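Student: I want to go through this protein one residue at a time. Could you take my questions in turn?

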Amino acid sequence: MGFRCGIVGLPNVGKSTIFNALTAAGIESANYPFCTIEPNVGMVPVPEKRLDILAELAKTKRTVYAQMEFVDIAGLVSGASKGEGLGNQFLGHIRQVDAIAHVVRCFEDTNIVHVDGSIDPLRDRDVINTELILADLDSVERRLDRTRSQAKSGDKLFKAQVVILEQLQGLLDSGKPARLLDTNDAGKALLKELCLLTAKPVLYVANVSEEDITTGNNWVDQLKETAQEEGAAVVIISGAIESELSTLGPEEQIDFLADMGMEESGLNRLIRAGYSLLGLINYFTVGEKETRAWTLPENTKAPQAAGVIHTDFERGFIRAEVIKYADFISCGSENKVKEKGLMRLEGKEYIVRDGDCVNFRFNV
């Protein structure tokens, strides 16, 4: 399991430039609106230093990284919820992603035209959020009309859904996203069924100039303050720097980042923020043939973690042989871990932890 992250924003904020750099997909990126019409999709290996170290210790023949899928969705404009700028088509693409990375322009460049004529990240953020809220409000109101009619039969389920939908309608009417709805399990199930745009977790990507990559700027500060109010994270990325990095080899990238005063690329920061946003972890399988990272939601039990590898592993689960990452590294090999009695045998109720090295026993 990886996750699917949709990149959204106004035209000409640097979405496609960042997507192109992150995925090295070579898509078209130009200085005019709607350069992206059909969504571009790119699979990116998730950088994982722990996996590299484990593979080296195991002298593995093949190292397999977890995958993150980026979807570059065409620039939205004011009125998209009513179909402006092919908006309905683009909004449909957003419904298919797990999380939203909202790119906001926080740089000045007279050579790149802003669709609204000036740089204002809070205005840009509000335009996108308003369109997503309006689209959701339309969906909720249509569902509410239908559910009210169904509730006249006295059915308790429909009556309960009317209450939730009315709360949701009020929240959206006040300009707030559906993810802020404080609800019970039934409400969460209804939200999932509705597939609302603003119910998806979101993080903001502040696209800055090279000069502002380490310090940010006033626009970034404004964005952070506003994002904090809705509990969203902000990742600072320079599309120009990421574009340059995408053309370099691994050693050259290290030198380039050092020259820029950066410890890691924007891609790494974005992936880490995405994992945190969705509550994801990595566990590892280690061997001479293959060492691999597997992505899971936090609090996943061992049989379901095994099922990520193959459904037979979950169906016939017997036990999990678990080694903590730190123990594997300190001992240097699986055999030495066993000699020291540090391998644990865990059953069906064990919750797999981030960094666990696991071997599943099963029988089908």
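The questions and answers below cover salt bridges, surface patches, an annotated site, backbone angles and contacts across the chain.

Tutor: This is a predicted model, where local features need pLDDT of at least 70, side-chain atom pairs count only at pLDDT 80 or more, and totals for chains, interfaces and linings use all residues. Residues are numbered from 1 along each chain as its sequence is written, and side-chain values use heavy atoms, with hydrogens and water left out.

Student: How many salt bridges does a search of the whole structure find?

Tutor: A salt bridge here is a side-chain nitrogen of Lys or Arg within 4 Å of a carboxyl oxygen of Asp or Glu. With that rule, the search of the whole structure gives 20.

Student: Which residue forms a salt bridge with Asp354, and where does that partner lie?

Tutor: The closest N and O atoms of Asp354 and Arg50 are 3.1 Å apart. The pair links distant parts of the chain, 304 residues apart. Asp354 is in the loop between β11 (344-346) and β12 (357-362). Its partner is in helix α2 (residues 49-58), and that partner is Arg50.

Student: Is Asp354 buried, partly exposed or exposed?

Tutor: Buried means under 20% relative accessible area, exposed means over 50%, and partly exposed is in between (1.4 Å probe, protein chains only). Asp354 has 42% relative accessibility, so it counts as partly exposed.

Student: Why are Asp138 and Arg142 separated by about one helical turn?

Tutor: Helices are DSSP runs of H or I with at least four residues, strands are runs of E with at least two, and both are numbered from the N terminus. Asp138 and Arg142 form a salt bridge, with the closest N and O atoms 3.2 Å apart. They are about one turn apart because both sit in helix α4 (residues 121-151), at a spacing of four residues.

Student: What is the relative accessible area of Arg142?

Tutor: Its partner Asp138 is partly exposed at 37%. Arg142 is also partly exposed, and its value is 48%.

Student: Which residue pairs with Glu346 in a salt bridge?

Tutor: The closest N and O atoms of this pair are 3.0 Å apart. The partner is partly exposed, with a relative accessible area of 25%. It is Arg344.

Student: Which residues are linked in a network of salt bridges?

Tutor: Here salt bridges join several side chains into a network. The members are Arg125, Asp126, Arg179 and Glu230.

Student: Which residues form the negative surface patch?

Tutor: Patch residues have over 30% relative accessible area and no salt bridge; like charges are joined within 9 Å, and nonpolar side chains (Val, Leu, Ile, Met, Phe, Trp, Tyr) within 5 Å. Glu252, in helix α9 (residues 250-259), is partly exposed at 47%. The full set is Glu251, Glu252, Asp255 and Asp259.

Student: How much accessible area does the nonpolar patch of Ile53, Leu57 and Ile329 have together?

Tutor: Areas come from the Shrake-Rupley method with a 1.4 Å probe, and for residues only the protein chains shown count as cover. Leu57 lies in helix α2 and is partly exposed at 31%. The three together have about 200 Å².

Student: UniProt places a "binding site" at Asn12, Val13, Gly14, Lys15, Ser16 and Thr17. Is Lys15 buried or exposed?

Tutor: That annotation comes from an unreviewed entry, and such annotations may be inferred rather than shown by experiment. Asn12, in the loop between β1 (3-8) and α1 (15-23), has 15% relative accessibility and counts as buried. Lys15 is in helix α1. At 5%, Lys15 is buried.

Student: What phi does Asn299 have?

Tutor: Most residues other than glycine have a negative phi. Lys59, in the loop between α2 and β3 (63-64), has a positive phi of about 50°. Asn299 lies in the loop between β9 (291-297) and α11 (302-309). Its phi is also positive, at about 70°.

Student: How far apart in space are Val358 and Ala320?

Tutor: Val358 is in strand β12 and is buried at 6%. In sequence, Val358 and Ala320 are 38 residues apart. From C-alpha to C-alpha, the distance is 6.4 Å.

Definitions and conventions
Lys, Arg positive; Asp, Glu negative; His and termini not counted. Charge placed at Lys NZ, Arg CZ, Asp CG, Glu CD.
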